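User: I would like to learn how to read the interior of a protein model, beginning with its packing and then turning to its empty spaces. Could you take me through one example?

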Amino acid sequence: MIRRRLSSLLSSSLSRPALLSRPPPPPPLRCLLPARLFHLLPGSALTGRGQCGSSGGGGGGVRAYSLLSLNDLRDKQPKKQKKRKGRGIGSGLGKTAGRGHKGQKARGTMKFGFEGGQTPLRRRVPKRGFKNPFSLTFQPVGLGKIAALINAGKIDSSELITMKTLKDVGAIGKQIKDGVRLMGRGSEQIQWPIHLEVSRVTVRAKEAVEAAGGSVRRVYYNKLGLQALVKPEWFEKKGRLLPKPARPPPKQMDKVDSIGRLPAPTKPIPFLTEEKEAVATPS
């Protein structure tokens with residue numbers, strides 16, 4: 001009996017040599033790293049089902065941590081710590097706080113552009129010309145363009161043509177700085193009476209409009225009033241009221257006929273007799 005059992009054991013061991021020489025499986029990679037380094041592992045290393053500390057599915061192993069735990073949450077720490085100056089000699093920046101001993105740079109700050117007492121660069125560079133703070137920029141528009149828009153049906157010639165009307169139909173650009181200047185280009189195309197309100201008007205354009213039975217009035221709007229005239233929806237969107245019309249400055253009193261009206265008017269104001277005499281010579 002003993003010989004038969006030994007021979008059966010030897011034959012079984014010789015028939016399965018791979019099982020005797022196969023090494024035990026290595027532990028999962030997630031069992032060799034702490035929980036705070038789990039985010040560095042690829043997705044395939046986190047899908048193992050075996051428990052840490054055991055080759056099979058038996059108990060007694062270490063439980064695997066999840067990818068996110070409440071005790072792992074921390075505030076974002078800066079990579080470079082701020083220098084703490086004047087906190088003792090052991091810090092390396094104590095006493096004089098890295099400023100050295102005495103001197104101008106150790107005592108305080110200097111104004112921007114200071115070059116040690118020599119003539120600064122802003123005074124060494126030569127200056128040419130100047131910028132006039134009282135200059136005005138008007139956007140030109142010709143009578144020929146207005147006549148073409150009237151013929152196309154975009155402008156109603158029976159109503160008052162204001163700067164808002166010209167802006168809505170695309171006769172002028174979006175950037176209106178100080179107003180619109182009416183030019184005489186294409187004045188021969190005006191064959192019917194029209195009424196306009198602009199900031200400035202040339203002599204040729206005024207004569208052409210009046211010869212056709214119309215009128216041109218020079219009105220004054222400041223920057224806020226011009227914005228309220230052209231874009232009244234902006235004030236409504238912001239929940240604001242339209243500003244009151246501003247009076248022109250003394251230097252522009254002789255270059256305008258009246259104060260601009262808000263909101264955009266639809267009917268012209270007839271010129272009085274004294275007003276016609278005052279604006280006989282337009283700018």
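User: Which residues in the largest nonpolar core touch the most other members?

Analyst: In soluble globular proteins, nonpolar side chains tend to be buried together. In this structure, which is a predicted model, the largest nonpolar core has 32 residues, and those touching the most other members are Val141, Ile146, Ile161, Leu166, Val180, Leu182 and Leu196. Several elements each supply at least two residues of this core, among them α6 (163-168), β3 (180-183) and α7 (203-211), while the largest share, five residues, comes from α5.

User: What does Leu196 touch, leaving aside residues up to four places away in sequence?

Analyst: Leu196 touches Ile146, Leu160, Ile161, Leu182, Val209, Ser215, Val216 and Arg217.

User: How should I read the empty space, and which residues line the largest cavity?

Analyst: Rolling a probe the size of a water molecule over the atoms shows where empty space is left. Here the largest cavity holds about 40 Å³ of space, and its lining is made up of Leu160, His195, Leu196, Glu197, Ser215, Arg217, Pro268, Ile269 and Phe271. The largest share of that lining, three residues, comes from β4, and by class the lining has five nonpolar, two polar and two charged residues.

User: How many residues line the largest pocket, and which of them lie nearest its centre?

Analyst: The largest pocket, with a volume of about 480 Å³, is lined by 23 residues, of which Phe134, Leu136, Tyr220, Pro249 and Gln252 lie nearest its centre. Its lining divides into 10 nonpolar, six polar and seven charged residues, with β6 (215-220) and α8 (223-230) each supplying at least two.

Technical notes: Residues are numbered from 1 along each chain as its sequence is written. This is a predicted model: local features need pLDDT of at least 70, side-chain atom pairs count only at pLDDT 80 or more; totals for chains, interfaces and linings use all residues. Side-chain values use heavy atoms; hydrogens and water are left out. On a 1 Å grid over the protein atoms alone, a cavity is a set of points where a 1.4 Å probe fits but cannot get out, and a pocket is an open set with protein on both sides within 12 Å along at least five of seven lines; lining residues have an atom within 4 Å of a point. Grid points are joined across faces, edges and corners, and a volume is the space filled by probe spheres set on the points. Helices (H or I, at least four residues) and strands (E, at least two) are DSSP runs, numbered from the N terminus. Ala, Val, Leu, Ile, Met, Phe, Trp, Tyr, Cys and Pro count as nonpolar, Asp, Glu, Lys and Arg as charged, and the others, Gly among them, as polar. A nonpolar core is a set of buried Ala, Val, Leu, Ile, Met, Phe, Trp, Tyr and Cys residues joined through side-chain atoms within 4.5 Å. Buried means under 20% relative accessible area, exposed over 50%, partly exposed in between (1.4 Å probe, protein chains only). Contact means heavy atoms within 4.5 Å.
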